[in-house]
Amino acid sequence: MSKPNMISGLIPKEEHKDFSDFIYLLRTGDKRYLLRNDIWLKWLDWCRENDKDEKFTKNSSIARFLSRVPEMLFPDGIALILHRYTMGRYRIYRLSPDHQYLEEISVNRYLDYKDAHVLGNGAGANRDALELDFMPFYDYAPTIKNVRNLGNGISYLNKYMSSSLFHNPEQWGSKLFEFLRIHKINGEQLLVNPDILKGVDDFLPALEQTIDELEHQDPDTGYQQLKSDLKTRGFEPGWGHKAGRIRETMGMLHALFHEPRSADLEEFISRVPMISKVAILSPHGWFAQENVLGKPDTGGQVIYILDQVRALEDHLKKEFELSGIDVTPRVIVLTRLIPNAGNTTCNQPGEDIVGTEHARILRIPFFDSRGHKLEDWVSRFKIWPYLSRFASDCERELLAEFQGRPDLIIGNYSDGNLVATLLSDRLDVVQCTIAHALEKTKYLFSDLYWQNMEPDYHFSCQFTADLLSMNKSDFIITSTYQEIAGTETRFGQYESYQFYTMPGLCQVVNGVNLFNPKFNVVPPGVDETNYFPYYENDRRSEARRSHWEKRLFSLEHPDIYGRLENPEKPPIFTMARLDRIKNITGLVEAFGMHPELKHNCNLIVAAGTIHPEESEDPEEQNEIRRMYELIETYELQGSIRWLPSVPKEETGEVYRIIADNRGMFIQPALFEAFGLTILEAMQCGLPTFGPIFGGPSEIIRDAESGYLMNTSQPDLIAETIWRFVSEYQKDAGKWGRISKGGMARVKEAFTWERYSEKLFSLTKLYGFWRYTESQAGMVKLDRYCDLLYHLLLKPRSQEIES
């Protein structure tokens, strides 16, 4: 604990009294725990009551300080301030009673106060709480200094490894050579014959001589013509398919041994054909290629993975061709088998993935503790008791399918990442973590008041599983920077795991090291065969267009609710799961409460089902009932159509039909980690609106390629939509400019080709890092995580089943 310092270190002397008066107002108010919005609203009220001008209200030192305060706590008259002085970094202050001095207190002490606030005892009463601290185990790895470099971890690690190679050429050169010697694919030795080239002293002269010899060859000479001579020298397949590429690859390696640069290391390692078998984990929800979108726990993640699989297989095929080796890549998606699968294929053990040659979905059933197979869907929040057995069954099936270990394991969401962690441990394979959306930031107070939510959500299991996979993973992929470290004013999803408390269970003092170079931003792309511009009529099916025009605007059918009195009005279209976070009902309310929108537009909703009895999810059932209440309250009959979820393969044409009618796509989620539907709609040329909260703010350039909305209140959603509608009614070119801007933005930054190249580059570089340094350094961290898994997570998960 630091010595008390004058508050003038943060607030200038001339503002001391105002600051003191404001803190006194908060300290003597009704609420003991205030979040950023609470604090800011009270600040605005205080400024109005005290006749402060706008400049002081928004730009004074107090205002700037408060804008970086996520929360304040006032236990027993004490003022505690959490100061997020930059993204990902904090100081915690305790103010003296006269508000003139502050002292910095430890995270542990602050969490004690938060525990006391919830449990109703003194701040010292919970000091025997279980404390989790992962930070001491990161001494093996370099640390990123600048928060702006988060999300580009591989670049930092690349420079670190290149520097090590430059300063310790003998040690690191030997490691690099040994790394090359171990690579085989399907039993075939690659790159280096260890019987001929036994060490660096043999290897380097042979490499230099071969480079010189290749200089005299026609660059287009095929590998087969060079194979015999290369093998005699000790060089196995994998360097390239033609003489020019072989020489280029060998030249990169030669430069690494003599004048290493980070660019050379990344480019060379990325060429090593070391990955042919990929396992992707996605246990929860309904994972299939048809009739599943819109079902509980089933949405963008399924689309993401299926598109990802196609892109990964395509990339590997091209990579092997350029490497000069004949290998068939295999990608397997492991998910849960659901015997009572309805009209889906989720009860089929295996399913080939359309658009691939050798990629498959492999479904494995859940079993309860008595060994009985589970027949029905299970919520993602109640999946935890079944994952240990599921992981063991996945291991057995994978080894049989691949006839050996995979080269890469990719986890998805909290449950898939936990299973990926267990498999990576058992098989000693590189692990990639993809969260998609961490629930911790989506559900307010889900840590502090976890016990109230535990019967429905079981966050004690989920957050612990997240901690384990974050820390044990070799590398983590996010779609946006915000997922990692947030914005100037909002927490990042991973950042929220740095420290928190679950009173009565544990205190997480250091949950994740954001500054470890394992985080990388790699946004996904869009399937261009399904999502293409609305005006490319030669690529569109007239039969499909006619079918969906009728379903969207006029067809009477038992699964469709509502009739449009004036179908020629521009359609406001939305499509998502019916759950609270997706906020479809928020959009319906926004439309209903805004007279101009109702008069000028129609609302078309594709979400879930119109029949509550068809849903197995209580949250979805509540949203369905809420939909009917809003339609009745705002008298929306004649202005709204409500369809069930659209099959994935049809969504592209649906977007294009909405665009034909000069409509718009609205993604009204309260929080969206990324927003694949936003990319898809933009790619089809449909003006798109997304929430300012989360990833869409890194996709959409506001008022250029779409619009960002504050989705926290229905009236704010309505205002943003109406502003666009009213503008394009006056300006005939407005709709077209936003349409073109959206398509250009997708093409500029979001392609699956770029994604696949980056993912495999990361896998290889982190694989090299794992081989050379991190594996030994992570042993202690692995043991710590194993203890938490067996002593905390497994017992908690077993309580769910009982």
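Here is a short walk through one helix and two loop residues of this structure, which is a predicted model.

Let's start with helix H18, which covers residues 542-553. Count along it and you get twelve residues. From the first C-alpha to the last, H18 reaches 16 Å, close to the 16 Å expected at 1.5 Å a residue.

Now look at which parts of H18 are hidden. Arg 545, Trp 548, Arg 551, Leu 552 and Phe 553 are buried. If you turn the model and look down the axis of H18, these buried residues fall within an arc of 165°, so they line one face of the helix. Swing round to the other side of H18 and you'll find Glu 542 and Ala 543, which are exposed.

So what do the buried residues of H18 pack against? Their partners are three strands, S20 (571-575), S21 (602-606) and S22 (640-643), along with helix H22 (648-660).

Next, hop over to a couple of loops. After strand S20, and before helix H19 (584-592), there's a loop that holds Asn 583. Asn 583 isn't a glycine, yet its phi is positive, at about 65°. Is this residue buried or exposed? With a relative accessibility of 9%, Asn 583 counts as buried, because the cut-off for buried is under 20%.

Gln 403 also has a positive phi without being a glycine, and its value is near 55°. You can find Gln 403 in the loop between helix H13 (387-402) and strand S14 (408-412). Its relative accessible area is 74%, and since exposed means over 50%, Gln 403 is exposed.

Methods: Residues numbered from 1 in each chain as written. Predicted model: local features only at pLDDT ≥ 70, side-chain atom pairs only at ≥ 80, totals over all residues. Heavy atoms only, no water. Helix = DSSP H or I, 4+ residues; strand = E, 2+ residues; numbered from the N terminus. Expected span 1.5 Å × (residues − 1). Buried < 20%, exposed > 50% of the residue type's maximum accessible area, 1.4 Å probe, protein only. Arc of directions from axis to C-beta. Contact = heavy atoms within 4.5 Å.
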